[in-house]
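Reader: Could you take one part of this fold and walk me through it closely? I'd like the cut-offs spelled out as you go.

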Amino acid sequence: FDMSNLMEEENGATTTAEVLINDYFDKDSLVSGMVVSRAGAAQFQRDVLRDCFVVNSVKMAQGAVIYEGQAFMGVNTEQFVEKIKNKYEASRFQDKLNYTIVINEKLINLGTSVEQMALDSMLGSALTVIVFPSSWNSSTQALVSDPLRNTFRQIIGSLSSTSSLIVASTCFGLFNDKSPFLETGELPSEFLPMVLASMSIQYLGIFVETVVAKLKGVELNSLVVPSANVLFNYGPRTLFLSMPKNRNDAFDIAAAGVSTTLLTSLVAIFTGLRLTFEASQGAIANFPTVPLSLIKTNELFSQLLANQFPDLGQALLQVMTAANNAIGGGDTLVHLHWLVIVGGMSFISSILQLIPIDNSAGSKLTFATVGRDFQLAVSSILTVFKFVLFVFMVFNVGGIASSVALSKQRLVFDYLWISQLLSSEKELPLAVDNVSEVSDGRKSLFCVFLFLVVISFFPYMEFSHTFNGLIDGTLSSIKELFTSGGIISSISKN
(Lines give C-alpha, C1' and ligand atoms only; values in the text may rest on other atoms or scores of the structure.)
Protein backbone atom coordinates (compact mmCIF):
# COMPACT_ATOMS: atom_id res chain seq x y z
CA PHE A 1 0.00 0.00 0.00
CA ASP A 2 1.29 3.45 -0.92
CA MET A 3 2.79 5.12 2.16
CA SER A 4 4.98 7.56 0.27
CA ASN A 5 3.28 10.45 2.03
CA LEU A 6 4.33 9.15 5.48
CA MET A 7 6.36 11.78 7.32
CA GLU A 8 8.86 10.83 10.00
CA GLU A 9 8.40 12.17 13.50
CA GLU A 10 9.96 15.58 14.09
CA ASN A 11 11.59 16.87 17.23
CA GLY A 12 8.91 18.76 19.17
CA ALA A 13 5.21 19.14 18.43
CA THR A 14 4.29 21.23 15.40
CA THR A 15 0.51 20.66 15.37
CA THR A 16 -2.33 20.59 17.89
CA ALA A 17 -2.79 16.87 17.22
CA GLU A 18 0.75 16.17 18.46
CA VAL A 19 0.13 18.30 21.55
CA LEU A 20 -3.06 16.33 22.21
CA ILE A 21 -1.17 13.02 22.03
CA ASN A 22 1.45 14.30 24.44
CA ASP A 23 -1.10 15.71 26.92
CA TYR A 24 -3.90 13.15 26.85
CA PHE A 25 -1.89 9.95 27.11
CA ASP A 26 0.16 8.76 30.05
CA LYS A 27 3.91 9.24 29.69
CA ASP A 28 4.61 5.59 30.51
CA SER A 29 2.33 4.52 27.65
CA LEU A 30 4.12 6.80 25.21
CA VAL A 31 7.49 5.22 26.03
CA SER A 32 6.21 1.65 26.53
CA GLY A 33 7.33 0.53 23.09
CA MET A 34 3.77 -0.21 21.97
CA VAL A 35 3.42 1.72 18.71
CA VAL A 36 1.49 1.62 15.45
CA SER A 37 3.82 0.14 12.83
CA ARG A 38 4.14 1.36 9.26
CA ALA A 39 2.42 -1.79 8.07
CA GLY A 40 -0.36 -1.27 10.61
CA ALA A 41 -0.79 2.36 9.55
CA ALA A 42 -1.09 1.28 5.90
CA GLN A 43 -3.57 -1.47 6.77
CA PHE A 44 -5.75 0.90 8.82
CA GLN A 45 -5.77 3.42 6.00
CA ARG A 46 -6.83 0.74 3.51
CA ASP A 47 -9.43 -1.04 5.66
CA VAL A 48 -11.00 1.86 7.56
CA LEU A 49 -10.28 5.20 5.87
CA ARG A 50 -10.53 4.25 2.20
CA ASP A 51 -13.68 5.33 0.34
CA CYS A 52 -14.62 7.95 2.96
CA PHE A 53 -11.47 9.94 3.77
CA VAL A 54 -8.94 11.51 1.40
CA VAL A 55 -5.59 11.27 3.18
CA ASN A 56 -3.27 14.17 2.36
CA SER A 57 -0.50 13.31 4.81
CA VAL A 58 0.43 10.63 7.32
CA LYS A 59 2.71 11.39 10.25
CA MET A 60 4.11 9.27 13.08
CA ALA A 61 3.96 10.93 16.51
CA GLN A 62 5.27 9.12 19.61
CA GLY A 63 3.95 5.80 18.33
CA ALA A 64 0.58 7.10 17.13
CA VAL A 65 -0.35 7.87 13.53
CA ILE A 66 -1.88 11.16 12.41
CA TYR A 67 -3.88 11.02 9.16
CA GLU A 68 -4.65 14.49 7.89
CA GLY A 69 -7.03 15.12 5.01
CA GLN A 70 -10.70 15.69 4.25
CA ALA A 71 -13.90 13.72 3.88
CA PHE A 72 -15.01 12.59 0.44
CA MET A 73 -16.89 15.12 -1.66
CA GLY A 74 -20.55 15.23 -0.71
CA VAL A 75 -20.01 13.51 2.66
CA ASN A 76 -20.82 15.77 5.64
CA THR A 77 -19.19 15.48 9.06
CA GLU A 78 -21.90 13.30 10.62
CA GLN A 79 -21.87 10.88 7.67
CA PHE A 80 -18.08 10.73 7.73
CA VAL A 81 -17.99 9.95 11.46
CA GLU A 82 -20.62 7.23 11.05
CA LYS A 83 -18.80 5.62 8.13
CA ILE A 84 -15.51 5.54 10.01
CA LYS A 85 -17.27 4.01 13.03
CA ASN A 86 -18.95 1.27 10.97
CA LYS A 87 -15.80 0.36 9.07
CA TYR A 88 -13.71 0.33 12.24
CA GLU A 89 -16.17 -1.99 14.01
CA ALA A 90 -16.13 -4.32 10.99
CA SER A 91 -12.31 -4.39 10.86
CA ARG A 92 -9.82 -6.49 12.77
CA PHE A 93 -8.42 -3.48 14.65
CA GLN A 94 -10.94 -3.21 17.48
CA ASP A 95 -8.75 -5.06 19.98
CA LYS A 96 -5.48 -3.57 18.78
CA LEU A 97 -6.02 0.06 17.83
CA ASN A 98 -8.27 2.94 18.88
CA TYR A 99 -8.87 6.21 17.10
CA THR A 100 -10.13 9.74 17.67
CA ILE A 101 -11.25 12.37 15.14
CA VAL A 102 -10.10 15.94 15.68
CA ILE A 103 -9.44 19.18 13.84
CA ASN A 104 -5.69 19.65 13.46
CA GLU A 105 -3.97 23.03 13.24
CA LYS A 106 -0.41 24.21 12.84
CA LEU A 107 1.18 25.62 15.97
CA ILE A 108 2.53 29.16 15.71
CA ASN A 109 6.30 29.01 15.40
CA LEU A 110 7.89 32.38 16.10
CA GLY A 111 11.19 31.04 14.80
CA THR A 112 9.94 30.85 11.22
CA SER A 113 9.58 33.66 8.74
CA VAL A 114 6.55 35.92 8.59
CA GLU A 115 5.72 34.45 5.18
CA GLN A 116 5.69 30.90 6.60
CA MET A 117 3.52 31.91 9.54
CA ALA A 118 1.10 33.60 7.13
CA LEU A 119 1.05 30.47 4.96
CA ASP A 120 0.33 28.25 7.98
CA SER A 121 -2.49 30.58 8.95
CA MET A 122 -3.94 30.53 5.43
CA LEU A 123 -3.85 26.74 5.29
CA GLY A 124 -6.01 26.73 8.41
CA SER A 125 -7.20 23.54 10.02
CA ALA A 126 -7.71 20.05 8.63
CA LEU A 127 -9.88 17.08 9.51
CA THR A 128 -7.64 14.52 11.19
CA VAL A 129 -7.85 10.92 12.39
CA ILE A 130 -5.42 9.92 15.15
CA VAL A 131 -4.82 6.18 15.57
CA PHE A 132 -3.07 4.79 18.66
CA PRO A 133 -2.53 1.41 20.38
CA SER A 134 -5.46 0.21 22.51
CA SER A 135 -3.04 -0.61 25.32
CA TRP A 136 -2.20 3.06 25.89
CA ASN A 137 -3.61 4.59 29.06
CA SER A 138 -4.90 8.12 29.32
CA SER A 139 -3.52 10.42 32.02
CA THR A 140 -6.70 9.86 34.05
CA GLN A 141 -6.42 6.07 33.82
CA ALA A 142 -2.79 6.27 34.93
CA LEU A 143 -3.77 8.51 37.85
CA VAL A 144 -6.35 6.03 39.13
CA SER A 145 -4.00 3.07 38.54
CA ASP A 146 -1.09 4.66 40.40
CA PRO A 147 -1.34 3.53 44.06
CA LEU A 148 0.35 6.61 45.50
CA ARG A 149 -1.54 9.24 43.53
CA ASN A 150 -4.86 7.43 43.84
CA THR A 151 -4.38 7.08 47.61
CA PHE A 152 -3.75 10.82 47.80
CA ARG A 153 -7.00 11.46 45.91
CA GLN A 154 -8.93 9.15 48.20
CA ILE A 155 -7.52 10.82 51.31
CA ILE A 156 -8.51 14.24 49.97
CA GLY A 157 -11.96 12.91 49.09
CA SER A 158 -12.44 11.42 52.56
CA LEU A 159 -11.79 14.84 54.10
CA SER A 160 -15.11 16.04 52.64
CA SER A 161 -16.92 14.26 55.45
CA THR A 162 -14.63 15.92 57.98
CA SER A 163 -15.21 19.37 56.50
CA SER A 164 -18.98 18.78 56.59
CA LEU A 165 -18.81 17.84 60.28
CA ILE A 166 -16.72 20.92 61.08
CA VAL A 167 -19.05 23.29 59.23
CA ALA A 168 -22.16 21.75 60.82
CA SER A 169 -20.54 22.11 64.26
CA THR A 170 -19.87 25.76 63.52
CA CYS A 171 -23.43 26.38 62.34
CA PHE A 172 -24.82 24.93 65.58
CA GLY A 173 -22.14 26.64 67.70
CA LEU A 174 -21.18 23.39 69.38
CA PHE A 175 -17.90 24.73 70.69
CA ASN A 176 -19.06 28.15 71.82
CA ASP A 177 -18.57 28.96 75.50
CA LYS A 178 -22.30 28.74 76.27
CA SER A 179 -23.03 25.73 74.06
CA PRO A 180 -25.21 23.06 75.74
CA PHE A 181 -23.12 20.46 73.90
CA LEU A 182 -20.08 21.24 76.09
CA GLU A 183 -22.15 20.60 79.21
CA THR A 184 -24.30 17.62 78.20
CA GLY A 185 -22.45 16.17 75.22
CA GLU A 186 -25.75 15.84 73.36
CA LEU A 187 -25.89 16.85 69.72
CA PRO A 188 -28.82 18.90 68.38
CA SER A 189 -31.45 16.69 66.74
CA GLU A 190 -30.84 18.38 63.36
CA PHE A 191 -27.04 17.97 63.45
CA LEU A 192 -26.72 14.55 61.81
CA PRO A 193 -29.50 15.21 59.24
CA MET A 194 -27.65 18.38 58.28
CA VAL A 195 -24.33 16.55 57.77
CA LEU A 196 -25.93 13.66 55.91
CA ALA A 197 -27.96 15.98 53.67
CA SER A 198 -24.87 18.00 52.74
CA MET A 199 -23.13 14.81 51.59
CA SER A 200 -26.22 13.18 50.08
CA ILE A 201 -26.79 16.02 47.62
CA GLN A 202 -23.28 15.58 46.23
CA TYR A 203 -23.39 11.78 46.12
CA LEU A 204 -26.77 11.94 44.42
CA GLY A 205 -25.12 14.04 41.72
CA ILE A 206 -22.32 11.46 41.41
CA PHE A 207 -24.87 8.64 41.22
CA VAL A 208 -26.89 10.30 38.44
CA GLU A 209 -23.71 11.20 36.54
CA THR A 210 -22.44 7.61 36.84
CA VAL A 211 -25.75 6.15 35.62
CA VAL A 212 -25.77 8.45 32.57
CA ALA A 213 -22.13 7.56 31.87
CA LYS A 214 -22.87 3.81 32.10
CA LEU A 215 -25.73 4.21 29.63
CA LYS A 216 -23.29 5.86 27.24
CA GLY A 217 -20.51 3.31 27.80
CA VAL A 218 -18.17 5.62 29.70
CA GLU A 219 -16.33 4.71 32.90
CA LEU A 220 -15.94 7.38 35.60
CA ASN A 221 -14.02 7.90 38.82
CA SER A 222 -15.51 10.48 41.20
CA LEU A 223 -14.95 12.03 44.61
CA VAL A 224 -16.39 14.90 46.64
CA VAL A 225 -13.95 17.80 47.04
CA PRO A 226 -13.54 18.95 50.67
CA SER A 227 -13.98 22.61 51.53
CA ALA A 228 -11.24 24.93 52.73
CA ASN A 229 -13.63 27.46 54.29
CA VAL A 230 -17.22 27.64 55.62
CA LEU A 231 -18.84 25.50 52.89
CA PHE A 232 -19.59 21.84 53.56
CA ASN A 233 -17.68 20.82 50.42
CA TYR A 234 -16.95 21.94 46.86
CA GLY A 235 -19.05 19.28 45.15
CA PRO A 236 -18.08 16.31 42.96
CA ARG A 237 -15.00 16.13 40.76
CA THR A 238 -15.10 13.40 38.09
CA LEU A 239 -12.49 11.75 35.89
CA PHE A 240 -13.41 10.21 32.52
CA LEU A 241 -11.57 6.88 32.35
CA SER A 242 -12.74 6.10 28.82
CA MET A 243 -13.69 8.10 25.75
CA PRO A 244 -17.30 9.15 25.19
CA LYS A 245 -18.50 8.55 21.64
CA ASN A 246 -18.95 12.25 20.91
CA ARG A 247 -19.21 15.67 22.51
CA ASN A 248 -22.97 15.28 23.02
CA ASP A 249 -22.29 12.32 25.32
CA ALA A 250 -19.56 14.22 27.17
CA PHE A 251 -21.96 17.13 27.68
CA ASP A 252 -24.78 14.91 28.92
CA ILE A 253 -22.58 13.19 31.50
CA ALA A 254 -21.17 16.43 32.92
CA ALA A 255 -24.53 18.22 32.83
CA ALA A 256 -26.32 15.33 34.57
CA GLY A 257 -24.21 15.59 37.71
CA VAL A 258 -24.12 19.36 38.15
CA SER A 259 -27.80 19.76 37.20
CA THR A 260 -28.75 17.22 39.86
CA THR A 261 -26.86 19.06 42.61
CA LEU A 262 -28.24 22.44 41.49
CA LEU A 263 -31.86 21.27 41.38
CA THR A 264 -31.59 19.31 44.65
CA SER A 265 -30.04 22.36 46.31
CA LEU A 266 -32.93 24.55 45.18
CA VAL A 267 -35.47 22.01 46.46
CA ALA A 268 -33.71 22.05 49.85
CA ILE A 269 -33.67 25.86 49.91
CA PHE A 270 -37.37 26.28 49.12
CA THR A 271 -38.38 23.48 51.51
CA GLY A 272 -36.32 25.10 54.25
CA LEU A 273 -37.84 28.52 53.55
CA ARG A 274 -41.35 27.09 53.88
CA LEU A 275 -40.44 25.45 57.19
CA THR A 276 -38.90 28.73 58.36
CA PHE A 277 -42.13 30.64 57.69
CA GLU A 278 -44.11 28.00 59.56
CA ALA A 279 -41.79 28.05 62.60
CA SER A 280 -42.38 30.18 65.71
CA GLN A 281 -39.98 32.90 66.81
CA GLY A 282 -38.76 30.68 69.65
CA ALA A 283 -38.00 27.83 67.26
CA ILE A 284 -36.19 30.16 64.83
CA ALA A 285 -33.94 31.33 67.67
CA ASN A 286 -32.72 27.72 67.99
CA PHE A 287 -32.06 27.31 64.26
CA PRO A 288 -28.40 26.92 63.18
CA THR A 289 -26.62 30.05 62.03
CA VAL A 290 -24.72 31.02 58.92
CA PRO A 291 -22.47 34.09 58.39
CA LEU A 292 -24.07 36.89 56.43
CA SER A 293 -20.84 37.22 54.42
CA LEU A 294 -21.25 33.64 53.16
CA ILE A 295 -24.73 34.40 51.86
CA LYS A 296 -23.30 37.46 50.12
CA THR A 297 -20.72 35.43 48.17
CA ASN A 298 -23.49 34.28 45.82
CA GLU A 299 -25.70 37.06 44.49
CA LEU A 300 -28.44 34.71 43.31
CA PHE A 301 -28.76 32.98 46.68
CA SER A 302 -28.59 36.25 48.61
CA GLN A 303 -31.21 37.84 46.34
CA LEU A 304 -33.51 34.86 46.88
CA LEU A 305 -33.26 35.27 50.66
CA ALA A 306 -33.57 39.04 50.44
CA ASN A 307 -36.85 38.70 48.54
CA GLN A 308 -38.21 36.41 51.26
CA PHE A 309 -36.84 38.40 54.22
CA PRO A 310 -36.75 42.18 53.56
CA ASP A 311 -34.81 42.90 56.76
CA LEU A 312 -32.14 40.44 55.67
CA GLY A 313 -32.01 42.17 52.29
CA GLN A 314 -31.16 45.48 53.96
CA ALA A 315 -28.44 43.77 55.99
CA LEU A 316 -26.96 42.20 52.86
CA LEU A 317 -26.64 45.61 51.24
CA GLN A 318 -24.41 46.68 54.11
CA VAL A 319 -21.98 43.80 53.50
CA MET A 320 -20.10 45.55 50.70
CA THR A 321 -16.65 44.04 51.28
CA ALA A 322 -15.19 41.41 53.55
CA ALA A 323 -12.86 44.01 55.04
CA ASN A 324 -15.82 45.59 56.80
CA ASN A 325 -16.50 42.44 58.85
CA ALA A 326 -13.95 40.93 61.24
CA ILE A 327 -14.37 37.22 61.83
CA GLY A 328 -13.98 37.59 65.55
CA GLY A 329 -17.63 38.50 66.07
CA GLY A 330 -18.00 41.29 63.51
CA ASP A 331 -19.61 39.07 60.91
CA THR A 332 -23.38 38.93 61.45
CA LEU A 333 -24.84 35.47 62.01
CA VAL A 334 -28.29 34.69 60.60
CA HIS A 335 -30.61 31.97 61.93
CA LEU A 336 -31.96 29.81 59.10
CA HIS A 337 -33.51 26.38 58.86
CA TRP A 338 -30.82 23.76 58.36
CA LEU A 339 -32.27 22.80 54.96
CA VAL A 340 -31.80 26.38 53.74
CA ILE A 341 -28.19 26.30 54.88
CA VAL A 342 -27.49 22.90 53.29
CA GLY A 343 -29.23 23.89 50.06
CA GLY A 344 -27.53 27.29 49.92
CA MET A 345 -24.03 25.94 50.50
CA SER A 346 -24.57 23.14 47.98
CA PHE A 347 -25.87 25.66 45.46
CA ILE A 348 -22.78 27.85 45.94
CA SER A 349 -20.43 24.87 45.51
CA SER A 350 -22.29 23.76 42.35
CA ILE A 351 -21.86 27.24 40.88
CA LEU A 352 -18.14 27.04 41.64
CA GLN A 353 -18.00 23.72 39.76
CA LEU A 354 -19.41 25.50 36.69
CA ILE A 355 -16.30 27.71 36.42
CA PRO A 356 -14.30 26.21 33.49
CA ILE A 357 -11.02 25.68 35.35
CA ASP A 358 -8.94 22.50 35.73
CA ASN A 359 -11.13 19.37 35.50
CA SER A 360 -14.38 20.90 36.74
CA ALA A 361 -17.86 20.24 35.35
CA GLY A 362 -17.65 23.68 33.72
CA SER A 363 -14.47 22.63 31.88
CA LYS A 364 -16.15 19.49 30.56
CA LEU A 365 -19.24 21.43 29.47
CA THR A 366 -17.06 24.03 27.75
CA PHE A 367 -15.05 21.31 25.99
CA ALA A 368 -18.23 19.65 24.77
CA THR A 369 -19.86 22.88 23.60
CA VAL A 370 -17.01 24.77 21.94
CA GLY A 371 -14.36 22.08 21.39
CA ARG A 372 -11.13 21.10 23.10
CA ASP A 373 -8.85 23.74 21.54
CA PHE A 374 -11.16 26.65 22.39
CA GLN A 375 -11.75 25.27 25.88
CA LEU A 376 -7.99 25.09 26.48
CA ALA A 377 -7.73 28.72 25.34
CA VAL A 378 -10.45 29.71 27.83
CA SER A 379 -8.72 27.68 30.53
CA SER A 380 -5.40 29.41 29.77
CA ILE A 381 -7.03 32.80 30.26
CA LEU A 382 -8.55 31.66 33.54
CA THR A 383 -5.17 30.28 34.60
CA VAL A 384 -3.75 33.79 34.28
CA PHE A 385 -6.70 35.04 36.34
CA LYS A 386 -5.96 32.34 38.91
CA PHE A 387 -2.35 33.48 39.17
CA VAL A 388 -3.37 37.13 39.56
CA LEU A 389 -5.92 36.18 42.23
CA PHE A 390 -3.35 34.10 44.11
CA VAL A 391 -0.89 37.00 44.13
CA PHE A 392 -3.60 39.42 45.24
CA MET A 393 -4.86 37.19 48.05
CA VAL A 394 -1.40 36.34 49.36
CA PHE A 395 0.10 39.82 49.31
CA ASN A 396 -2.93 42.06 49.71
CA VAL A 397 -3.70 43.30 53.23
CA GLY A 398 -7.29 42.06 52.84
CA GLY A 399 -6.21 38.71 51.53
CA ILE A 400 -5.40 35.30 52.86
CA ALA A 401 -3.48 36.37 55.94
CA SER A 402 -6.00 38.87 57.26
CA SER A 403 -8.84 38.07 59.64
CA VAL A 404 -11.76 39.19 57.51
CA ALA A 405 -15.11 37.59 56.86
CA LEU A 406 -15.59 35.46 53.80
CA SER A 407 -15.61 37.36 50.51
CA LYS A 408 -16.14 36.29 46.90
CA GLN A 409 -12.41 36.57 46.29
CA ARG A 410 -11.59 34.39 49.29
CA LEU A 411 -14.26 31.86 48.34
CA VAL A 412 -12.90 31.50 44.79
CA PHE A 413 -9.30 31.53 46.03
CA ASP A 414 -9.89 28.63 48.43
CA TYR A 415 -11.76 26.68 45.76
CA LEU A 416 -9.02 27.18 43.17
CA TRP A 417 -6.11 26.04 45.31
CA ILE A 418 -7.97 22.90 46.35
CA SER A 419 -8.86 22.32 42.70
CA GLN A 420 -5.20 22.75 41.75
CA LEU A 421 -4.24 19.97 44.17
CA LEU A 422 -6.69 17.51 42.64
CA SER A 423 -6.67 18.05 38.89
CA SER A 424 -5.46 19.87 35.80
CA GLU A 425 -6.50 20.57 32.21
CA LYS A 426 -4.69 17.39 31.11
CA GLU A 427 -7.43 15.35 32.78
CA LEU A 428 -10.12 16.70 30.44
CA PRO A 429 -12.04 14.12 28.41
CA LEU A 430 -11.36 13.31 24.78
CA ALA A 431 -14.18 11.94 22.63
CA VAL A 432 -13.93 9.52 19.73
CA ASP A 433 -15.69 12.15 17.61
CA ASN A 434 -14.47 15.62 18.54
CA VAL A 435 -15.60 17.37 15.35
CA SER A 436 -19.40 17.02 15.47
CA GLU A 437 -20.99 19.91 17.35
CA VAL A 438 -23.42 19.48 20.22
CA SER A 439 -27.13 19.98 19.57
CA ASP A 440 -28.78 23.41 19.79
CA GLY A 441 -30.62 22.35 22.94
CA ARG A 442 -27.34 21.56 24.68
CA LYS A 443 -25.89 24.89 23.56
CA SER A 444 -28.90 26.62 25.12
CA LEU A 445 -28.40 24.70 28.36
CA PHE A 446 -24.72 25.69 28.35
CA CYS A 447 -25.79 29.35 28.07
CA VAL A 448 -28.08 28.82 31.08
CA PHE A 449 -25.14 27.44 33.09
CA LEU A 450 -22.98 30.38 31.99
CA PHE A 451 -25.73 32.81 32.95
CA LEU A 452 -25.97 31.24 36.41
CA VAL A 453 -22.23 31.78 36.96
CA VAL A 454 -22.41 35.42 35.83
CA ILE A 455 -25.42 36.42 37.92
CA SER A 456 -24.04 34.54 40.93
CA PHE A 457 -20.89 36.66 41.04
CA PHE A 458 -22.01 39.98 39.53
CA PRO A 459 -22.92 42.32 42.45
CA TYR A 460 -26.20 43.50 40.98
CA MET A 461 -27.76 44.13 44.43
CA GLU A 462 -25.15 46.80 45.18
CA PHE A 463 -25.28 47.98 41.57
CA SER A 464 -29.04 48.33 41.72
CA HIS A 465 -28.85 50.10 45.09
CA THR A 466 -26.17 52.50 43.81
CA PHE A 467 -28.03 53.09 40.55
CA ASN A 468 -31.30 53.81 42.35
CA GLY A 469 -29.48 56.19 44.68
CA LEU A 470 -27.94 57.95 41.71
CA ILE A 471 -31.33 58.31 40.03
CA ASP A 472 -32.96 59.59 43.22
CA GLY A 473 -30.16 62.09 43.73
CA THR A 474 -30.41 63.30 40.15
CA LEU A 475 -34.18 63.72 40.38
CA SER A 476 -33.80 65.60 43.66
CA SER A 477 -31.25 67.94 42.08
CA ILE A 478 -33.51 68.57 39.10
CA LYS A 479 -36.47 69.20 41.41
CA GLU A 480 -34.44 71.64 43.46
CA LEU A 481 -33.24 73.35 40.30
CA PHE A 482 -36.79 74.00 39.15
CA THR A 483 -38.11 75.13 42.52
CA SER A 484 -37.15 77.84 45.02
CA GLY A 485 -33.86 79.46 44.25
CA GLY A 486 -33.63 77.68 40.94
CA ILE A 487 -34.82 78.23 37.39
CA ILE A 488 -38.45 78.94 38.31
CA SER A 489 -37.34 81.67 40.76
CA SER A 490 -35.11 83.24 38.14
CA ILE A 491 -37.92 83.28 35.58
CA SER A 492 -40.27 84.93 38.07
CA LYS A 493 -37.77 87.71 38.76
CA ASN A 494 -37.34 88.39 35.04
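Author: Sure, and a definition up front: buried means under 20% relative accessible area, exposed over 50% and partly exposed in between, with a 1.4 Å probe and protein chains only. This is a predicted model, where local features need pLDDT of at least 70, side-chain atom pairs count only at pLDDT 80 or more, and totals for chains, interfaces and linings use all residues. Residues are numbered from 1 along each chain as its sequence is written, and side-chain values use heavy atoms, with hydrogens and water left out.

The part to look at is α3, residues 38-49. Helices here are DSSP runs of H or I with at least four residues, strands are E runs of at least two, and both are numbered from the N terminus. From first C-alpha to last, the 12 residues of α3 reach 15 Å, close to the 16 Å expected at 1.5 Å a residue (that's 1.5 Å times one less than the number of residues).

Its buried residues are Gly40, Ala41, Ala42, Gln43, Phe44, Gln45, Val48 and Leu49. Among the elements covering them are β2 (53-61), β3 (64-71) and α4 (77-89). That last helix packs against α3 at about 115°, with the axes 8 Å apart. Phe44, Asp47, Val48 and Leu49 of α3 meet Ile84, Lys87 and Tyr88 of α4 there, contact being heavy atoms within 4.5 Å. Axes are lines fitted to C-alpha atoms, for helices over the stretch in contact, and angles run from 0 to 180 degrees between N-to-C directions.

Just past α3, aspartate 51 has a positive phi of about 75°.
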